[in-house]
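Please take a moment with the sequence and the model before reading on. The paragraphs that follow lead from one pair of strands outward to the sheet, and from there to the helices and the cores.

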Amino acid sequence: MDRTALYAAITAYTENPSSDFVAQLPVFVQQAEQRIYNSVQFPTLRKNVTGVTSTANKYLSCPGDFLSVYSLAVIDATGSYEYLLNKDVSFIRQAYPNPTTDVGLPRYYALFGPTISGANITNELSFILGPTPDASYSVELHYYYYPESIVTAGTSWLGDNFDTVLLYGSLVEAYTYMKGESDMMSLYNQKYMEALALAKRLGDGMERQDAYRSGQYRQPVG
């Protein structure tokens, strides 16, 4: 289901073709996407990027679309990966109190806060590393982000592979906007929760196991 088909379905289900309602369709869809993406960890929500630390600089900027970390690794001169342990900022400050002399291959990281550029504080986040890098190391970050919305892209992985949860999630948002009847709101919410449960079975279950490791699914026979 692409954006055009999704908009048409929302309008048809609610029987509301008014211009004010149609103008809000992008909002309904994006709100639904946000709810879904924070309920199910689909592989499509993962992104992998590489970067480089700066010698004697304990900070590392996060990507602009960064939301949370899956893993952060430093690659040493031999090409070996050293996965950093997530700690609190206070732990790193205590363990490595002098960032100019407590240097070496980083072992820990913490989410520090907004990046400081000169006198300006940006909206982008940064990591603090401990100890302070003693050289320029390659780093590899796996992180969680929101993929481009179907509203702006026209198509999306969710729309192509699990359009039911996107449709019913959008209908819940649309009917809330309309202040619709409680029985229909309950119906749409029930349908959304049913579709979300199936999506979680895929994203949080089937895509995280295989038959070799976990065995094939078996339905108990009564």
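Which residue in S4 is the bridge partner of Ile75? In this model, which is predicted rather than determined by experiment, the partner of Ile75 is Tyr81. The two residues belong to a pairing in which strand S3, residues 68-75, is joined by three bridges to strand S4, residues 81-83, with the strands running antiparallel. S3 and S4 make a hairpin that has five residues between its strands, and in the turn Gly79 takes a positive phi of about 90 degrees.

From this hairpin the view can be widened to the sheet. S3 also pairs with S10, again in the antiparallel sense, and here the pairing extends over seven bridges. Along it, Val74 is placed opposite Val139 of S10, while Leu72 is placed opposite Leu141 of S10. Strand S1, residues 46-52, is likewise joined to S10 by seven bridges, and these two strands run antiparallel. In that pairing Gly51 faces Val139 and Thr50 faces Glu140, so that Val139 of S10 stands opposite both Gly51 and Val74.Taken together, the four strands form an open sheet in the order S1-S10-S3-S4, with antiparallel pairing. S1 and S4 stand at its edges and have a single partner strand each, so one side of each is left without a neighbour in the sheet. From one strand to the next, the twist averages 25 degrees.

Is S10 largely enclosed by the rest of the structure or not, and why? Five of the seven residues of S10, which covers residues 138-144, are buried, and the strand is therefore largely enclosed by the rest of the structure.

Another strand, S9, spans residues 132-133 and contains Thr132. The relative accessibility of Thr132 is 3%, and because residues under 20% are classed as buried, Thr132 counts as buried. Leaving aside residues up to four places away in sequence, Thr132 touches Ala56, Asn57 and Lys58, and also Pro99, Asp102, Val103 and Gly104.

The helices can be followed in a similar way, beginning with H1, which runs over residues 3-14. At the start of H1, the backbone nitrogen of Thr4 has a side-chain oxygen of Asp2 within 3.3 Å. At 1.5 Å a residue, the twelve residues of H1 should span 16 Å, and the C-alpha atoms at its ends are 17 Å apart, which agrees. After H1 comes Glu15, whose phi is positive and near 55 degrees. Within the helix, Leu6, Tyr7, Ala9, Ile10, Thr11 and Thr14 are buried. Which helices help to cover these buried residues? The cover includes H2 (19-23), H3 (25-37), H5 (150-153) and H7 (163-178).

H7, one of the helices that cover H1, has 16 residues and reaches 22 Å from its first C-alpha to its last, close to the 22 Å expected at 1.5 Å a residue. Its buried residues are Val165, Leu166, Leu167, Tyr168, Gly169, Ser170, Leu171, Val172, Glu173, Ala174 and Tyr175. H7 is followed by Lys179, which has a positive phi near 55 degrees.

What lies behind these buried residues becomes easier to picture through the cores. The largest nonpolar core holds 32 residues, of which Ile10, Val29, Phe42, Leu158 and Val165 touch the most other members. At least two residues of this core are supplied by each of H1, H3, H5, H7 and helix H8 (182-203). The greatest contribution to this core is that of H7, with eight residues. Leu158, when residues up to four places away in sequence are not counted, touches Ile36, Tyr37, Phe42, Asp163, Val165 and Leu166. A second, separate core has 14 residues, including Cys62, Tyr109, Val139 and Leu141; of these, Val139 was met above opposite Val74, and Leu141 opposite Leu72.

A last look takes in the whole chain, which has nine helices and ten strands. Of its 222 residues, 36% are buried. Among the contacts between residues at least 6 apart in sequence, 71% join residues at least 24 apart.

Key:
Residues are numbered from 1 along each chain as its sequence is written. This is a predicted model: local features need pLDDT of at least 70, side-chain atom pairs count only at pLDDT 80 or more; totals for chains, interfaces and linings use all residues. Side-chain values use heavy atoms; hydrogens and water are left out. Buried means under 20% relative accessible area, exposed over 50%, partly exposed in between (1.4 Å probe, protein chains only). Two strands pair if DSSP finds at least two bridges between them. The expected span of a helix is 1.5 Å times one less than its number of residues. Contact means heavy atoms within 4.5 Å. A polar contact is a pair of N or O atoms within 3.5 Å; within protein, one must be able to donate a hydrogen and the other to accept it, and residues adjacent in sequence count only if both atoms are side-chain atoms. Axes are lines fitted to C-alpha atoms, for helices over the stretch in contact, and angles run from 0 to 180 degrees between N-to-C directions. A nonpolar core is a set of buried Ala, Val, Leu, Ile, Met, Phe, Trp, Tyr and Cys residues joined through side-chain atoms within 4.5 Å.
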